[in-house]
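The exercises below are meant for someone meeting this structure for the first time. Each one sets a task and then works through a solution step by step, so keep the model in view as you read.

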Amino acid sequence: MIENFLAGTATLFGDPFTIGIFVFGVLGGMLFGAIPGVSMLTLAAILLPFTADLSPAQGVMLFAVIYCTGTYGGAITAILFNIPGAPENAPTAFDGYPMTQKGMAGKAVGAAVLCSAIGGVASALVMMSATEPLAQWAIMNIGPPEIFALVFFGLAVASSVGGRTIWKGWLSVLLGLLIATIGQDPVGGINRFNFGYSDLAAGIAFVPAILGFFAVSEIFIQAEKNVSGKYSAPKFNVDFPSFLELWAHKIAVVRSIFVGFFCGILPGIGATLAAFMGYGEAVRWSKNKSEFGTGKLEGVISSETANNAATGAAMIPLLALGLPGGALTAMMVAVFQMHDLEPGPLVFYNSPELIWIVFAAMFYANLSILFVGLIETKTILYLLKIPFQFLAPMILMLASIGAYISRGLVLDVIVMFIAGIIGFLLRRSGYSIPGIVLGLILGKIGEQNFAQGMQMVHYDLGTYFSRPICTILIVAGVLTLLKSLHSAFFQKSKVT
Amino acid sequence: MKLNFKKQFSTLALVTGFAATASMSLAGECRVAEASMDKPGGFPDRALTMIVPYGPGGGSGQVAAAMAEAVTGLTDVSINRDHKPGGSGTVGMTAYMAAPADGYNVLEHIDDASSAHALDSSRPNPAEDLIPLVVSQVTFSQIYIRSNETRYTDWPSFVEWVQAQNGKATIANVSKEGSMERVIMKFITEASDMQIQQISFDKGAPRYGALLGGQVDALFEQPGDVRKFLDAGNFKPILTVFNERPGVFSDVPTHREMGMDFEPLLRFRGFYVHKDAPSDRVDWLKWAFQRAYCEDSYQAFNDSKFMNVIDSYRDTAGAIDMINAAIVQYRDVYKEMGLDVK
């Protein structure tokens, strides 16, 4: 393995043009990942035709690098302005933005940079050492019932994130699940709650909903404070987390690597579920669950480690089996095909040089996050010095463009503002915005896999429990729910 | 309820049967003589916009990219692809119908547009509300099993095994209501007297992964979409849903050979322009897209997707015939299935 890795490294850095492509991918991924709506997918779609003029290794390597750095890029705006660059950065905003408000933006961004790099590098190392056996294991053991059970387990911990009470947390999650049912049902294709409006047949898109619930509602809240004279600008601070602060969260990092890797290896799932599950597990294992959502460093660490840990893992089913884990890896299939190649088992035998250049590039791209990210952070934090009356319109304009540009639909801008108003009102009442977003994103994934799973087990729910992984996840989820209910009643009895 | 296939498809059989017979010899051939055409009134003097109702990574996204590249290579006119996925193509179609009918906006769409109109006539009719510029991909479906499968190895043993499972056998496909996949599976199961649970996966990767991992027993798909699994020896076709054996699948029996007497529904992808676009611009677009089909880059793409196994080309008249026949066929089947045909 080491010999192959060194050979891949030599090829990667042995040619100035290839180095140029690598650097372009690193910077482009970070930039496009950081701008809401204009995601790394946008950059990849723009670049796709040009990859025909590159060698196969250069083309696939470019997309792999964009995938790594683009997944990290959205963390910066999530932390500084409550604008996740992409759905996989949404959990980062749960605690990252409150940290900015507390004057701890430097610590949050520093942790995001470091943990993205750690998660990505760890994932790349596992990818290099065990791609084929891991892909085979995942494909043989994980089906729709297991993915549904995983989502159920993830939702079970959501009640304690962000809500003033557990009940309000659960109502928030249920609202998110309700919103997720808008549009065609994922199996039969029957329209639901679209009121005859064809654009709603596709459901509520994640990007405008996230921008509305996070960014727009935040602008409204800050504007209200501004009008009532209670507004105070975030304290400017570029202090990075100390080694001891990060070392204290070593278990959270390791746990998130495992969670992110596990989610990333599942075909069609990818980094978004990884980020939410990583965050959810951090909450579940914490002794101070109520502190999550208020600016806890562990929240940022868990989310950013997990989503980057999913990047290397998502390459495993792609390269070993030809099964893309998400939209960007699906575009990588197109890059392969433009060069008369097909990702899958044969590529290891037919094009081993290509595989190891890609592996090496992903490893170094994740390392680049550390160095480029730290330099970037020292400069981008100065945006916090912009007065609110100038910053707010800029954020609203950026969010509106981001909401529109992802699908080119005015509907998405309307959805964003409606979500912003609802988010503003619900936050004032103590409901959980992370819970709503969690319900929305996991609801769509969960419903689809539940329906597929029910078809597979011939509508006999009991059959779910004949599958060991499924059983473990469902039982763990139920226990979490019971514990949550117990805590809710216990809290109530203490009050009364 | 059994369908009377012979009665339903007698007319359609003439249309598609003729096309199928002629298909083997014409596959991949260029049928546009003019190598160039003057731009009418300078049109187009800027980039075209191609609305694609599906994501960039799937079959539609890839054919849109390949055709855009071929048209640009031929004419030096850029094409911006605008992906509007969702709602089984309805979001993109709605956006397209609202776009200016000036010839600068074109649409990529698949046979779903025809079946959607067949089910609900208020949806745009691709043969009347739009003008087909070219249909550039026409393909058939097959049923696949794992190559290392031991419970069954061919279609007869598969049918026997499925019948013994009493409805517990599973097949992965895209079985949304009224979809081509669901309709064909209805034909097959009724003609073979077997019950099989269809598992609907809207994305390719989980669908193929389900067969690879043994989560399902078989897969319904088109050969171009699973070519890499065929080349790698992972999947094996056991039934071709087409009237005759295509050359590269000469060892795979057709549904007719297996005693199923129905006219196959085909998957087709094509490019359209609004019917109200100026006629001289439409003529130029027809030339550009039909000639681009002949470009080496596009032919190489179609070859890589098994899209030259049968004749993938339909000009405007051929496309209209195919769409009209498909609409009639779908509508009759939907009525037989008891769906609410509007």
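**Exercise 1. A peptide bond and its place**

In which loop of chain B is the place of B:P44?

Solution. The model is a predicted one, and the angles here are computed from it. Begin by finding the two elements that flank the residue: B:P44 sits in the loop that lies between α2 (10-26) and β1 of chain B. Next, look at the bond that leads into this residue: the peptide bond from B:F43 to B:P44 is cis, and its omega is near -5°.

**Exercise 2. The open sheet of chain B**

Work out the order of the strands in the open sheet of 5 strands in chain B, and then describe its edges and the helices that lie across it.

Solution. Step one is the order, which reads β2-β1-β3-β10-β4 in chain B, and the pairing within this open sheet is mixed. Step two concerns the edge strands, which are β2 (79-83) and β4 (130-139) of chain B, each of them pairing on one side only. On average, neighbouring strands of the sheet are turned by 20° against each other when direction is ignored.

Step three takes one pair in detail: β4(B) and strand β10 (residues 267-274) of chain B are antiparallel and are joined over 8 bridges, and within this part of the sheet B:T139 stands opposite B:R267 in β10(B).

Step four adds the helices. Helix α3 (residues 59-75) of chain B lies across β1 (48-52), β2, β3 (105-110), β4 and β10 of chain B, and runs at about 165° to β2(B). Helix α10 (residues 279-292) of chain B lies across β3, β4 and β10 of chain B, running at about 10° to β4(B).

**Exercise 3. A residue in a loop after β3**

Is B:D111 buried or exposed?

Solution. First locate the residue, which is found in the loop between β3 and α5 (112-119) of chain B. Then apply the cut-off, by which a residue is buried if 20 or more other C-beta atoms lie within 10 Å of its own; B:D111 has 24 C-beta neighbours inside 10 Å and therefore counts as buried. Finally, list its contacts: leaving aside residues up to four places away in sequence, B:D111 touches B:M180, B:R267, B:F268 and B:A326. The C-alpha atoms of B:D111 and B:A326 are separated by 8.3 Å, although these residues are 215 residues apart along the chain.

**Exercise 4. A covered strand**

Which residues of strand β6 (residues 170-173) of chain B lie on each side, and how are they placed?

Solution. In a regular strand the side chains alternate between the two faces of the sheet. Here B:T170 and B:A172 are on one side, B:I171 and B:N173 are on the other, and all of them are buried, so that both faces of β6(B) are covered. Now turn to the partners of β6(B). It runs parallel to strand β7 (residues 197-200) of chain B, to which 4 bridges join it, and B:N173 stands opposite B:S200 in β7(B). With strand β8 (residues 218-221) of chain B, β6(B) also pairs in the parallel sense, over 2 bridges, and there B:I171 stands opposite B:A218.

**Exercise 5. The length and course of a helix**

Compare the expected span of helix α9 (residues 206-227) of chain A with the distance between its end C-alpha atoms.

Solution. At 1.5 Å a residue, the 22 residues of α9(A) should span 32 Å, and the end C-alpha atoms are 31 Å apart, which agrees. The helix nevertheless has a kink of about 35°, centred on A:G212. As for its surroundings, α9(A) is mostly covered, since 16 of its 22 residues are buried. After the helix comes A:G229, with a positive phi near 75°.

**Exercise 6. Where the chains touch**

How many residues does each chain bring to the contact?

Solution. Chain A brings 41 residues to the contact and chain B brings 39 residues. On the side of chain A that touches chain B, α14(A) gives the most, with 6 residues. Sorted by class, that side of chain A has 22 nonpolar, 15 polar and 4 charged residues.

Terms used: Residues are numbered from 1 along each chain as its sequence is written. Chains are lettered from A and ligands numbered from 1 in the order in which they are written. This is a predicted model: local features need pLDDT of at least 70, side-chain atom pairs count only at pLDDT 80 or more; totals for chains, interfaces and linings use all residues. The expected span of a helix is 1.5 Å times one less than its number of residues. The bend at a residue is the angle between axes fitted to the seven residues ending there and the seven starting there. A residue is buried if 20 or more other C-beta atoms lie within 10 Å of its own, exposed if 12 or fewer, and partly exposed in between; C-beta atoms are placed from the backbone. Two residues are in contact if their C-beta atoms, placed from the backbone, lie within 7 Å. Ala, Val, Leu, Ile, Met, Phe, Trp, Tyr, Cys and Pro count as nonpolar, Asp, Glu, Lys and Arg as charged, and the others, Gly among them, as polar. Two strands pair if DSSP finds at least two bridges between them. Axes are lines fitted to C-alpha atoms, for helices over the stretch in contact, and angles run from 0 to 180 degrees between N-to-C directions.
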